[in-house]
Amino acid sequence: MGIFSRFKDIITSNINSMLDDAEDPEKLIRLMLREMEETLVELKSGCAATMAEADKAAKVEREAEEEVRQWERRAELALRADREDMAREALAEKIQAQEKAAQLTRNREEYDHMVDKCREDIQILEERIVNTRERQRLLIERHNQARMRHQAHQTISSADNSDVMRRFADLEQRINRMENEAELSTPRPTSHSAFRDMERDAAIDEELAALRRRMEK
């Protein structure tokens, strides 16, 4: 397992642990961001070291390739000097140098692959950090809204409690009783119904007398 895969396993394990332990979403997001940022620093540091090794491998590879060319030039020079024995010796050294160069090329290609994978991991992690930061404000706002709604629902539930409503009903009855008592204790104006009865009787007597007079005529 490469260093970058191990970094991924570490951050995944740590985030899962935070998901199990953290109760506050805001705290969880901050912990996730901090974990990803710390891992990014480690990734970049490891990538820089790998790139340095890749540069060394490329330099050694170039030197080995130059050695191959050098032994080939020596073989040509020996043949021109009619020294086949020296030409053969130079070609043997050339073959040995070619094998060394081929191995160094494979090493350099492996380092290049590691560097490419490293850069890919860094890019992915940087994008995730940006996305997490962009979502952070929305998630915190949603958490705040959910918390306020929860508190509101608790308040509504408390208001709907039967004991509370019974107390309100008792209070309303008490107020109604106090209003009724106040109304009954208020002095009422003196009634004039007796005078109105006398005036009505007098009017009836007058109408009756007038009717008798008309009948007598």
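**Exercise 1. A salt bridge beside a loop**

Work out which side chains meet in a salt bridge with an N to O distance of 3.3 Å, and how exposed each partner is.

*Solution.* The side chains of Arg83 and Asp85 meet in this salt bridge, with 3.3 Å from N to O, in a model that is predicted. As a next step, take the accessibility of each partner: Arg83 has a relative accessibility of 37%, and Asp85 has a relative accessible area of 45%. Since partly exposed covers the range between 20% and 50%, Arg83 counts as partly exposed, and Asp85 is partly exposed too.

**Exercise 2. An unusual backbone angle**

Determine where Asp82 lies, what is notable about its phi angle, and whether it is buried or exposed.

*Solution.* Begin with the position: Asp82 belongs to the loop between α2 and α3. Then turn to the backbone, where Asp82 shows a positive phi of about 55 degrees, although this residue is not a glycine. Finally, its relative accessible area is 70%, and because exposed means over 50%, Asp82 is classed as exposed.

**Exercise 3. The overall layout**

Describe the secondary structure of the protein, and state what share of its residues is buried and what share of its contacts joins residues 24 or more positions apart.

*Solution.* The protein has 5 helices and 0 strands, and reading along the sequence gives the pattern α-α-α-α-α. Of its 217 residues, 20% count as buried. Among contacts with a separation of 6 or more, 76% come from residues 24 or more positions apart. The protein exposes about 17300 Å², of which carbon and sulfur atoms supply 51%.

**Exercise 4. The largest nonpolar core**

Identify the residues of the largest nonpolar core, and decide which element gives the most to it.

*Solution.* The core consists of 10 residues, namely Ile29, Leu33, Met36, Leu40, Leu43, Cys47, Cys118, Ile122, Leu125 and Ile129. The elements that contribute two or more residues to this core are α2, spanning 25–80, and α3, spanning 84–159. Of these, α2 gives the most, with 6 residues. To look at one member in detail, follow Ile129, which touches Leu33, Met36, Glu37 and Leu40 when residues up to four places away in sequence are not counted. Apart from the largest core lies another core of 8 residues, including Ala64, Ala75, Ala90 and Ala101.

**Exercise 5. The disulfide**

Find which cysteines are joined by a disulfide, and explain why the disulfide is called left-handed.

*Solution.* The structure holds 1 disulfide, and this disulfide joins Cys47 to Cys118 with an S to S distance of 2.1 Å. The two cysteines connect distant parts of the chain, with Cys47 in helix α2 and Cys118 in helix α3, 71 residues apart. For the handedness, consider the torsion about the S-S bond of Cys47 and Cys118: it is about -140 degrees, so the disulfide is left-handed. As for accessibility, Cys47 has a relative accessible area of 4% and is buried, while Cys118, at 0%, likewise counts as buried. Both cysteines also appear in the list of residues that form the largest nonpolar core.

**Exercise 6. Salt bridges on the long helices**

Of the salt bridges in the structure, examine the one between Glu37 and Arg133 and the one between Arg108 and Asp112, and ask what separates the partners along the chain.

*Solution.* The structure holds 10 salt bridges. In one of them, the side chains of Glu37 and Arg133 meet at 2.3 Å, N to O; this pair links distant parts of the chain, with Glu37 in helix α2 and Arg133 in helix α3, 96 residues apart. Glu37 is partly exposed at 30%, and Arg133 is partly exposed at 46%.

The side chains of Arg108 and Asp112 meet at 3.0 Å, N to O. Because Arg108 and Asp112 are 4 residues apart in helix α3, about one helical turn separates them. Arg108 has a relative accessible area of 21% and Asp112 a relative accessibility of 29%, so each falls between the cut-offs of 20% and 50% and is partly exposed. Lastly, Glu61, Arg108 and Asp112 are linked in a network of salt bridges.

**Exercise 7. A nonpolar surface patch**

Name the residues that make the nonpolar surface patch of about 290 Å², and place Leu171 within the fold.

*Solution.* The patch is made by Phe168, Leu171 and Ile175. Leu171 is found in helix α4, which covers residues 162–184, and with a relative accessible area of 41% Leu171 is partly exposed.

Methods:
Residues are numbered from 1 along each chain as its sequence is written. This is a predicted model: local features need pLDDT of at least 70, side-chain atom pairs count only at pLDDT 80 or more; totals for chains, interfaces and linings use all residues. Side-chain values use heavy atoms; hydrogens and water are left out. A nonpolar core is a set of buried Ala, Val, Leu, Ile, Met, Phe, Trp, Tyr and Cys residues joined through side-chain atoms within 4.5 Å. Buried means under 20% relative accessible area, exposed over 50%, partly exposed in between (1.4 Å probe, protein chains only). Contact means heavy atoms within 4.5 Å. Patches are made of residues with over 30% relative accessible area and no salt bridge: like charges are joined within 9 Å, nonpolar side chains (Val, Leu, Ile, Met, Phe, Trp, Tyr) within 5 Å. Accessible areas come from the Shrake-Rupley method with a 1.4 Å probe; for residues, only the protein chains shown count as cover. A salt bridge is a side-chain nitrogen of Lys or Arg within 4 Å of a carboxyl oxygen of Asp or Glu. A disulfide is a pair of cysteine sulfur atoms within 2.5 Å.
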